[in-house]
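Here's a quick walk through one protein model, from a handful of residues out to the whole chain. Keep the viewer open while you read.

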Amino acid sequence: MFKQIKLEVFTPSELFFSEEVRMVVCTTTLGKEGFMAGHSWACKLLEEGELWIRKEEGQEFIKAYLSDGYVDVKDSIKIFTDEARWLTEC
């Protein structure tokens, strides 16, 4: 079984997403970067782009649009952004 990690996506008006996930890919200032359970701690600036979320191994990614912000990776992954909206079904 693959490890999962808690992902929370916050906007100024709501908690947009909060679930255990397998993998997250987002657009940082260095390009597309992926994060999974066990990743070294990081705090990275985000650029406007897509957020890809894989809830379970083997499942398709669900996708959302994010404006700029930042991602904080520790024992969980927290994303803070001004705007988030779904591009595909959850």
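## Lys 78 and strand E9

Leaving out residues up to four places away in sequence, Lys 78 touches Glu 8, Phe 10, Tyr 70, Val 71 and Asp 72, where a contact means heavy atoms within 4.5 Å. Lys 78 has its place in strand E9; helices (H or I, at least four residues) and strands (E, at least two) are DSSP runs, numbered from the N terminus. With a relative accessible area of 30%, Lys 78 is partly exposed. On that scale buried is under 20% relative accessible area, exposed is over 50% and partly exposed is in between, using a 1.4 Å probe and protein chains only. Lys 78 and Lys 3 sit 75 residues apart in sequence, and their C-alpha atoms are 17 Å apart in space.

Before going on, a word on where this comes from: this is a predicted model, in which local features need pLDDT of at least 70 and side-chain atom pairs count only at pLDDT 80 or more, while totals for chains, interfaces and linings use all residues. Residues are numbered from 1 along each chain as its sequence is written, and side-chain values use heavy atoms, with hydrogens and water left out.

## Ser 76, just before E9

Ser 76 is in the loop between strand E8 (69–73) and strand E9 (77–81). Loop or not, Ser 76 is buried, at a relative accessible area of 17%. Neighbours within four places in sequence aside, Ser 76 is in contact with Ile 5 and Lys 6.

## Thr 27 and Thr 29

Thr 27 belongs to strand E3 (residues 23–28) and is buried, with a relative accessible area of 13%. Its side chain makes a polar contact of 3.1 Å with the side chain of Lys 32. (A polar contact is a pair of N or O atoms within 3.5 Å; within protein, one must be able to donate a hydrogen and the other to accept it, and residues adjacent in sequence count only if both atoms are side-chain atoms.) Not counting residues up to four places away in sequence, Thr 27 touches Lys 32, Leu 45, Leu 46, Glu 47, Glu 48, Gly 49 and Glu 50.

Thr 29 is in the loop between E3 and strand E4 (31–36). Is Thr 29 buried or partly exposed? Thr 29 is partly exposed, with a relative accessible area of 46%. Its contacts, again not counting residues up to four places away in sequence, are Leu 45 and Glu 47. Thr 29 and Ala 64 are 35 residues apart in sequence, with 18 Å between their C-alpha atoms.

## Strand E6: Gly 49 and Leu 51

Strand E6 covers residues 49–54, and Gly 49 lies in it. Gly 49 is buried, with 17% relative accessible area. Setting aside neighbours within four places in sequence, Gly 49 is in contact with Thr 27, Ala 64, Tyr 65 and Leu 66. Lys 6 is 43 residues from Gly 49 along the chain, and 21 Å separates the two C-alpha atoms.

Leu 51 lies in E6 too, and counts as buried at 0% relative accessibility. Which residues does Leu 51 touch, not counting those up to four places away in sequence? They are Val 9, Val 24, Val 25, Cys 26, Ile 62, Lys 63, Ala 64, Leu 66 and Ile 79. C-alpha to C-alpha, Leu 51 and Ala 64 are 5.1 Å apart, although their positions lie 13 residues apart in the count along the sequence.

## The whole chain

The protein has 0 helices and 10 strands. Its radius of gyration is 12 Å, close to the 12 Å that the globule rule gives for 90 residues, so the protein is as compact as a globular protein of that length. That radius is taken over C-alpha atoms, and the rule is 2.2 Å times the number of residues to the power 0.38. The C-alpha trace spans about 35 × 30 × 25 Å along its principal axes.

Of the 90 residues, 41% count as buried. Among contacts with a separation of 6 or more, 48% come from residues 24 or more positions apart. The protein exposes about 5300 Å², with carbon and sulfur atoms supplying 50% of it; the areas come from the Shrake-Rupley method with a 1.4 Å probe, and for residues only the protein chains shown count as cover.
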